[in-house]
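Here are some short exercises to work through with the structure open beside you. Try each task before you read its solution.

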Amino acid sequence: MEKNVFDDPRITAVGLLVEAHAGLSARFAAQYEEHGLSAVEFEVLMRLARSPGNQLRMTDLAAQTSLSTSGVTRVVDRMERDGLLCRRACPSDRRSSYAVVTPSGLRRLDETLPGHLRIIEQWFTGQLEPQALSAMLDGLRRVRDAVHPGATAGSTDTAPANEPPSPLA
């Protein structure tokens with residue numbers, strides 16, 4: 001009796017990951033819409049809010065997301081028009097600029113985050129025992145770092161020196 005190649009646990013692992021992601025994404029999308037955000041706008045706000053000085057260079061923001069540099073530019077343009085972000089010139093490189101969360105962007109994130117965390121707890125982390133969650137986080141970080149090495153670009157740098165005060169100050 002020959003083993004069915006379609007029963008390969010590698011296929012199962014990727015399939016389960018894709019199915020879990022799709023289910024969570026659908027729940028998140030409905031919740032973001034309630035707050036006037038798209039999934040990518042929420043991701044951009046979260047990445048910036050979790051970065052030193054609530055800012056990232058545009059190139060680092062592109063590296064941390066699934067967007068191209070031109071895609072990040074379009075999203076940041078739209079979010080800047082909506083008052084959620086602003087741009088700041090990089091003092092050490094005229095070709096670079098920073099995307100910075102505005103107070104309005106932080107308020108929108110504060111309004112959205114409680115519902116987001118409820119969804120995470122109900123449909124994701126709450127489904128796992130603490131030890132299983134810890135092991136999964138370790139595994140996901142290893143996979144993420146292998147397939148997306150730029151995912152943390154700029155997130156451990158300190159806020160640039162010699163810059164004007166943040167609009168959040």
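**Exercise 1. Aromatic pairs**

Task: Find how many aromatic pairs the whole structure holds, and describe how they are arranged.

Solution. This is a predicted model, and a search of the whole of it gives 2 aromatic pairs.

Step 1. Start with F28 and Y32, whose rings form a stacked pair with 6.0 Å from centre to centre and 20° between the planes. Both residues belong to helix α1, which covers residues 9–34, and they sit 4 residues apart, about one turn of the helix. F28 and Y32 are both buried.

Step 2. Now go on from Y32 to F42, because Y32 lies in helix α1 while F42 lies in helix α2 (residues 39–49), so this pair ties together parts that are 10 residues apart in sequence. The rings of Y32 and F42 are stacked too, at 4.5 Å centre to centre with 20° between the planes.

Step 3. Put the steps together: ring pairs link F28, Y32 and F42 into a cluster.

**Exercise 2. Buried or exposed?**

Task: Decide whether Y32, with 6% relative accessibility, is buried or exposed. Then do the same for F42 at 4%, T112 at 0% and S70 at 37%.

Solution. The cut-offs you need are these: under 20% is buried, over 50% is exposed, and anything in between is partly exposed.

Step 1. Y32 has a relative accessibility of 6%, so Y32 counts as buried.

Step 2. F42 has a value of 4%, so F42 is buried.

Step 3. T112, with a relative accessible area of 0%, is buried.

Step 4. S70 has 37% and is therefore partly exposed. You will find S70 in helix α4.

**Exercise 3. The surroundings of T112**

Task: Say where T112 lies and which residues T112 is in contact with, leaving aside its neighbours within four places in sequence.

Solution.

Step 1. T112 is part of helix α5, which spans residues 103–123.

Step 2. With those sequence neighbours set aside, the contacts of T112 are Q31, Y32, H35, L37 and F42. Two names here should be familiar, as Y32 and F42 are members of the ring cluster.

**Exercise 4. How helix α2 packs**

Task: Work out how α2 is oriented towards α4 and towards α5.

Solution. Two packed helices are described by the angle between their axes and the distance between the axes.

Step 1. For α2 and α4, the angle is about 85° and the axes are 11 Å apart. Angles of 65 to 115 degrees count as roughly perpendicular, so α2 and α4 are roughly perpendicular to each other. On the α2 side, V40, E41, V44 and L45 make the contact, and on the α4 side V75, R78 and M79 do.

Step 2. For α2 and α5, the axes come within 10 Å and cross at roughly 105°. These helices are therefore also roughly perpendicular to each other. Here F42, L45, M46 and A49 of α2 meet G105, L106, L109, T112, L113 and H116 of α5.

**Exercise 5. Reading the sheet**

Task: Give the order of the strands in the sheet and find which ones are the edge strands.

Solution. Strands of a sheet pair through backbone hydrogen bonds, either parallel or antiparallel.

Step 1. The sheet is open, has 3 strands in the order β1-β3-β2, and its pairing is antiparallel. The edge strands are β1 (55–57) and β2 (85–89), each of which pairs on one side only. From one strand to the next, the twist averages 25°.

Step 2. Look at the pairings of β3 (residues 97–101): 3 bridges join it to β1, and 5 bridges join β2 to β3. Y98 in β3 stands opposite R57 and also opposite R88.

Step 3. Helix α4 (residues 69–81) packs on the sheet, where it touches β2 and β3, and its direction makes about 115° with that of β2.

Step 4. Finally, 4 of the 5 residues of β3 are buried, so β3 is largely enclosed by the rest of the structure.

Methods. Residues numbered from 1 in each chain as written. Predicted model: local features only at pLDDT ≥ 70, side-chain atom pairs only at ≥ 80, totals over all residues. Heavy atoms only, no water. Pairing = 2+ DSSP bridges. Helix = DSSP H or I, 4+ residues; strand = E, 2+ residues; numbered from the N terminus. Axes fitted to C-alpha atoms, helices over the stretch in contact; angles between N-to-C directions. Contact = heavy atoms within 4.5 Å. Phe/Tyr/Trp six-rings, centres within 6.5 Å; stacked < 30°, edge-to-face > 60°. Buried < 20%, exposed > 50% of the residue type's maximum accessible area, 1.4 Å probe, protein only. Parallel < 35°, antiparallel > 145°, perpendicular 65-115°, else oblique.
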